[in-house]
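Trainee: I've got the model open and want to check the labels people put on it. Can we go through some of them?

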Amino acid sequence: MNNPDAELTQSELPLVSRRTKVPVKAYGYDIAGVFFNGSSIRGRSTPIYAVRTTDKPNKLMALKLSCQHARRININIEKEIQGLIKGKDIGVLASYSIIENYALSSQVNPLQRWRGCLPEKSTQFGLEERLLNAKLLELKRPICFFWSIQDFVMGVRGALLGHQWLVHQGILHSDVSENNIVLACVPWEGQRGYIIDFDNAIYYTKDANLDVAASVKKRQSRSERYRANRQATSNQKHYAELRTGTTPYMSINVLTNRNHRPSDDVESFFYVLLLFIFSYCRPQERQEQMLAATQGFTHTLGSGQPANLVVWPSKILKFSEGTYDDIAAAKTFMFNHSEKFLREAESGLVARWQNRDLVDTYYELLNECFDVFAIEQEPGQVLRRVVTHSEFVEVIDAWLASEDSSVPIDGFNQCPFKDEKTGKFAI
């Protein structure tokens, strides 16, 4: 692309705001609509469009635009991932770049344009100069279009295995969240779920002590916490560079400014499972699923959030509000009082999902997760374990294979595709 800035003007690239209008063309691709990710209203401001390519006009792809801090960008990682996964059936979905690290030539830098901020206001609001990246990747199903809770859990399992494979290749994703997991469009795909979006991925050198299943994270001494706080304060100018992740899904270690490790991403996968049941109240109806699939999971701007998405209760909002230390404290309290946490949330979840059996079934999975992530030393005092991918997958597999949870509750499987052998709707 000779002049990406001219392409932006020609295509009327929208600001991310409620007044946004969808452009009809971007970077030579016809835009079919906004690729709707239900949880994007909880922190993702990255525009993603469903587009048609000239060589395959009947196939929709996802076009992602992002403005990133220059110190975080590592285009080479995603290029390397593309080569690594070529010909392999794993839960990893990499994109390829259309525009790389482009600073717009206009007076308004990319982040100012993103936030609808005038140049003279950027310093006042503390906006940093960022670089534009545009990427194209295969279109998949957002989590808000889950067919059943089993479908969702199988999707998380696929993404978790993909993440494990990447770690073995020396790559750490560093931003595991619901936004960065997508589901298969049809039940007969090789994987049910994929990990995507490697904007914050880093190269990782394995430490043999990190993946020891029985190891327990040590508590910081008061002097260690003091030194860590001073370090965080001294680097406040580059606060965004110190941590990567989406706040509700960040591990406690990352929130408290410790090194980002594979076990932190595994903990983030746990938050994906946990927050799911608080985020939704049902799968979307089968007809809605089919319509969404034919439209590439796009939505009409201004049409609001998905009908199955609900507001988080106050105890879950604590995972996204306040300082990082406040959020870490809320998560630590949850681990220390997991039984009380689930018990107090139970009635509200039953009212939302309108089915006690479903909530009880999902609680079995969450209780097993809490058991594998924590070791109780004494009442009210829990140390979190370093949980490996394999341990977490084992918990998920056991739940998926159990008699009570292997089959969706009646009325809660909205998969629009039928199994050719049984003639019944697939799971």
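Mentor: Sure. Start with Arg-192: its relative accessible area is 12%, and buried means under 20%, so Arg-192 counts as buried. Keep in mind that this is a predicted model.

Trainee: What makes Arg-192 and Asp-151 a salt bridge?

Mentor: Their closest N and O atoms are 2.8 Å apart. The cut-off is within 4 Å, so the pair qualifies. The two come from distant parts of the chain, with Asp-151 in helix H5 and Arg-192 in the loop between strands E8 and E9, 41 residues apart.

Trainee: Why is Asp-151 called buried?

Mentor: Because its relative accessible area is 0%, and the label needs under 20%. Asp-151 also meets Arg-141 in a salt bridge, at 2.8 Å from N to O. Arg-141 sits in the loop between strand E6 and H5, so this pair ties together parts that are 10 residues apart in sequence. With a relative accessible area of 1%, Arg-141 is buried too.

Trainee: And how do you know that Asp-397 is partly exposed?

Mentor: Asp-397 comes out at 29% relative accessible area. Partly exposed lies between the 20% and 50% limits, so the label fits. Arg-157, at 26%, is partly exposed as well. These two form a salt bridge with closest N and O atoms 2.5 Å apart. Asp-397 is in helix H15 and Arg-157 in helix H5, so the pair ties together parts that are 240 residues apart in sequence.

Trainee: How many salt bridges are there?

Mentor: The count comes to 13. Some join up: Lys-64, Glu-78, Lys-135, Asp-197 and Asp-199 are linked in a network.

Trainee: Now the rings. Why is the pair of Phe-276 and Tyr-362 called tilted?

Mentor: The structure holds 19 aromatic pairs. For Phe-276 and Tyr-362, the centres are 5.9 Å apart and the planes are at 45°. Pairing needs centres within 6.5 Å, and stacked means under 30 degrees while edge-to-face means over 60, so tilted is what remains. Phe-276 is in helix H9 and Tyr-362 in helix H14, 86 residues apart. Both rings belong to residues that are buried, and both are in an aromatic cluster that also includes Trp-353 and Trp-399.

Trainee: What makes Glu-368 eligible for the negative patch?

Mentor: Patch residues need over 30% relative accessible area and no salt bridge. Glu-368 has 46%, so it clears the area cut-off. Its patch partners include Glu-364 and Asp-371, and helix H14 gives the most to the patch, with 3 residues.

Definitions and conventions
Residues are numbered from 1 along each chain as its sequence is written. This is a predicted model: local features need pLDDT of at least 70, side-chain atom pairs count only at pLDDT 80 or more; totals for chains, interfaces and linings use all residues. Side-chain values use heavy atoms; hydrogens and water are left out. Patches are made of residues with over 30% relative accessible area and no salt bridge: like charges are joined within 9 Å, nonpolar side chains (Val, Leu, Ile, Met, Phe, Trp, Tyr) within 5 Å. Accessible areas come from the Shrake-Rupley method with a 1.4 Å probe; for residues, only the protein chains shown count as cover. A salt bridge is a side-chain nitrogen of Lys or Arg within 4 Å of a carboxyl oxygen of Asp or Glu. Lys and Arg count as positive and Asp and Glu as negative; His and the chain ends are not counted. The place of a charge is taken as NZ of Lys, CZ of Arg, CG of Asp or CD of Glu. Helices (H or I, at least four residues) and strands (E, at least two) are DSSP runs, numbered from the N terminus. Buried means under 20% relative accessible area, exposed over 50%, partly exposed in between (1.4 Å probe, protein chains only). Rings of Phe, Tyr and Trp (its six-membered ring) pair if their centres lie within 6.5 Å; planes under 30 degrees apart count as stacked, over 60 as edge-to-face and the rest as tilted.
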